[in-house]
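This report describes a protein structure for a reader who is new to the subject. Please look at the sequence and the model before reading on.

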Amino acid sequence: MISRNFKNVLVVSIGFLSLFTAYGGLQSLQSSLNAEQGMGVASLSVIYASIIISSMFLPPIMIKNLGCKWTIVAGMACYVSYSFGNLYPGWYTLIPTSVILGLGGSPLWSAKCTYLTISGNIQASKDNKKGSDVINHYFGIFFFIFQSSAVWGNLMSSLIFGQDTNIAEIPEDILQTCGAFDCGLNVSSGNSTTNKPAQKLVWSLVGCYIGVGVLAMLIVGIFLDNIDQEQTSQFRENREPFCHTFLATFRLLKDWRLLTLIPLTMYSGFEQSFLSGEYTKNYVTCALGIHFVGFVMMCFGASNSLSSFLFGRIARYTGRATLFFFAAAANFSCIIALLFWRPHPDQLPVFFVFPALWGMSDAIWQTQTNALYGVLFPRDKEAAFANYRMWESLGFVIAFAYSTFLCLEYKLYILLAVLVLTMITYPIVEFYEHKHPTKPIEQATYESHKKTQEANIITQTWL
């Protein structure tokens with residue numbers, strides 16, 4: 001018999017799986033499907049710029065007024081609006097829906113992280129376990145299920161676009177422009193395979209994405225327990241001054257640990273944007289065609305999902321630092337190889353090796369960074385995870401912003417530089433936390449309608 005908290009973790013995970021089956025598939029296709037005047041990449045940049053703005057004030061306000069459950073549902077509705085914008089993609093449809101998605105994105109993720117942290121602490125107090133271990137386990141389960149959305153979303157796009165009868169063979173002169181050997185800014189204009197599939201196929205795909213997005217809202221709205229309802233009610237009765245809630249995200253920037261983690265958090269945005277924006281366009285679409293993007297990203301999703309589950313479980317034995325350095329080594333190797341690799345259709349297996357390794361690394365960046373924020377800032381979870389989304393989104397915005405005017409080679413060098421900076425700054429925080437573990441807090445206040453109890457929960461995962 002699974003515990004109630006574990007059931008809630010599964011509900012949140014399945015809801016996000018359904019929602020990001022749609023959004024993940026659309027994001028992977030934007031740089032190729034809506035390539036005119038860089039419209040697709042521009043919409044992604046607007047999304048993450050809006051997430052930065054919403055991270056500044058919306059998460060604490062929404063979570064404390066609506067509670068985690070209904071904040072998640074509201075955020076999901078914002079994501080579904082972006083799918084509607086892709087029915088008839090244009091500047092006047094994609095940009096407004098991108099803004100709506102961005103405004104709902106930070107509260108959605110902050111509420112999810114807060115919900116999993118609360119659930120992990122409650123379960124740890126029941127089982128007499130370390131809160132950090134249970135939180136790591138819950139985040140591992142979440143990302144195991146969530147990251148598989150890349151498999152299903154991209155499978156849908158590949159199967160639907162694979163029905164297109166206008167797939168042309170790519171000439172050798174076009175293949176010479178693929179990868180980092182060419183600047184990579186004019187891929188869409190030279191390669192006939194990047195032309196949009198038949199409009200009917202695009203509508204079919206987007207219609208499916210809208211359906212699974214609405215399904216996600218129903219799953220969470222019906223089956224997720226409102227575990228922080230009591231705290232939400234108390235907040236409404238004893239409201240803090242608006243400025244206090246509004247500035248909660250910025251007040252946490254006084255903590256030097258958070259400032260030191262900014263390169264790590266921003267790198268998460270840089271590395272995800274590179275795979276979905278640059279690798280899919282300059283390697284996959286350029287050399288194989290847009291109908292292969294889904295299959296390649298499925299490999300990324302499968303690797304990411306399995307690795308999330310694995311690393312979420314073994315983190316208690318290896319420690320976070322070991323996993324972070326392993327992910328850095330894998331990404332470093334991939335970046336160096338991508339600088340010298342000239343993609344060609346005859347090397348088909350190689351196109352899947354890079355996303356597989358990238359997915360393994362991304363699983364570590366996602367699960368361990370989220371868990372690290374939960375461990376370091378147990379008293380300011382909403383503001384901490386809002387900062388996480390804000391700085392990660394800044395990484396996305398910067399990467400998507402220079403996507404249309406910097407050559408691919410320089411983009412890889414920038415990615416490499418941010419990775420090196422990350423592995424210089426992150427160990428400082430980890431070492432300090434190892435020497436001075438974050439003080440435990442009382443977690444029994446999270447349990448509604450139950451006897452109050454004290455539990456020492458949050459401690460450090462060993463190095």
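The text below treats the overall fold, the core, the salt bridges, the surface patch and the cysteines in turn.

**Overall fold**

The structure is a predicted model. The protein contains 19 helices and 0 strands. Of its 463 residues, 62% count as buried. Among contacts in the protein with a separation of 6 or more, 86% are made by residues 24 or more positions apart. The protein exposes about 17500 Å², and carbon and sulfur atoms supply 66% of that area.

**The nonpolar core**

The largest nonpolar core has 135 residues, and within this core Phe16 and Tyr279 touch the most other members. Which residues are in contact with Phe16, leaving aside its neighbours within four places in sequence? They are Ile72, Met76, Leu108, Trp109, Lys112, Phe142 and Phe146.

**Salt bridges**

The structure holds 7 salt bridges. Among them are the three in the table, each given with the distance between its closest N and O atoms.

| Residue | Partner | Closest N and O atoms |
|---|---|---|
| Asp225 | Arg4 | 2.8 Å |
| Glu278 | Lys411 | 3.0 Å |
| Arg320 | Glu430 | 3.1 Å |

In the salt bridge of Asp225 with Arg4, the pair links distant parts of the chain, 221 residues apart. Asp225 lies in the loop between α9 (199-223) and α10 (229-237), while Arg4 belongs to helix α1 (residues 4-33). Asp225 has a relative accessible area of 16% and is therefore buried, since the limit for this class is under 20%. Arg4, in contrast, has 56% relative accessibility and so counts as exposed, the class that begins over 50%.

Glu278 forms a salt bridge with Lys411. Glu278 lies in helix α14 (residues 262-287) and Lys411 in helix α19 (residues 408-435), so this pair ties together parts that are 133 residues apart in sequence. Both Glu278 and Lys411 are buried.

Arg320 forms a salt bridge with Glu430. Because Arg320 lies in helix α16 (residues 320-340) and Glu430 in helix α19, the pair ties together parts that are 110 residues apart in sequence. Arg320 is buried at 0% relative accessibility, and Glu430 is buried with a relative accessible area of 3%. Elsewhere, salt bridges that share partners join Arg4, Lys7 and Asp225 into one network.

**A nonpolar patch on the surface**

Val214, Leu218, Ile222 and Phe223 form a nonpolar patch on the surface. Together these residues have about 400 Å² of accessible area. One of them, Val214, lies in helix α9 and counts as partly exposed at 37% relative accessibility.

**Cysteines**

How many disulfides does the structure hold? There is 1 disulfide, formed by Cys178 and Cys286 with their sulfur atoms 1.9 Å apart. The link of Cys178 and Cys286 is left-handed, with -85 degrees about the S-S bond. Cys178 lies in the loop between α7 (172-175) and α8 (187-190) and Cys286 in helix α14, so the pair ties together parts that are 108 residues apart in sequence. Both Cys178 and Cys286 are buried.

Why is Cys113 not bonded to Cys68? The closest cysteine sulfur to that of Cys113 is in Cys68, and the distance of 9.9 Å is too far for a bond, because a disulfide requires sulfur atoms within 2.5 Å. Cys113 is buried, with a relative accessible area of 1%, whereas Cys299 is partly exposed, with 22%.

Technical notes:
Residues numbered from 1 in each chain as written. Predicted model: local features only at pLDDT ≥ 70, side-chain atom pairs only at ≥ 80, totals over all residues. Heavy atoms only, no water. Core = buried A, V, L, I, M, F, W, Y, C linked by side-chain atoms within 4.5 Å. Buried < 20%, exposed > 50% of the residue type's maximum accessible area, 1.4 Å probe, protein only. Contact = heavy atoms within 4.5 Å. Helix = DSSP H or I, 4+ residues; strand = E, 2+ residues; numbered from the N terminus. Areas by Shrake-Rupley, 256 points an atom, 1.4 Å probe, with all protein chains shown as cover. Salt bridge = Lys/Arg side-chain N within 4 Å of Asp/Glu carboxyl O. Patch = residues over 30% accessible without salt bridge, like charges linked within 9 Å, V, L, I, M, F, W, Y side chains within 5 Å.
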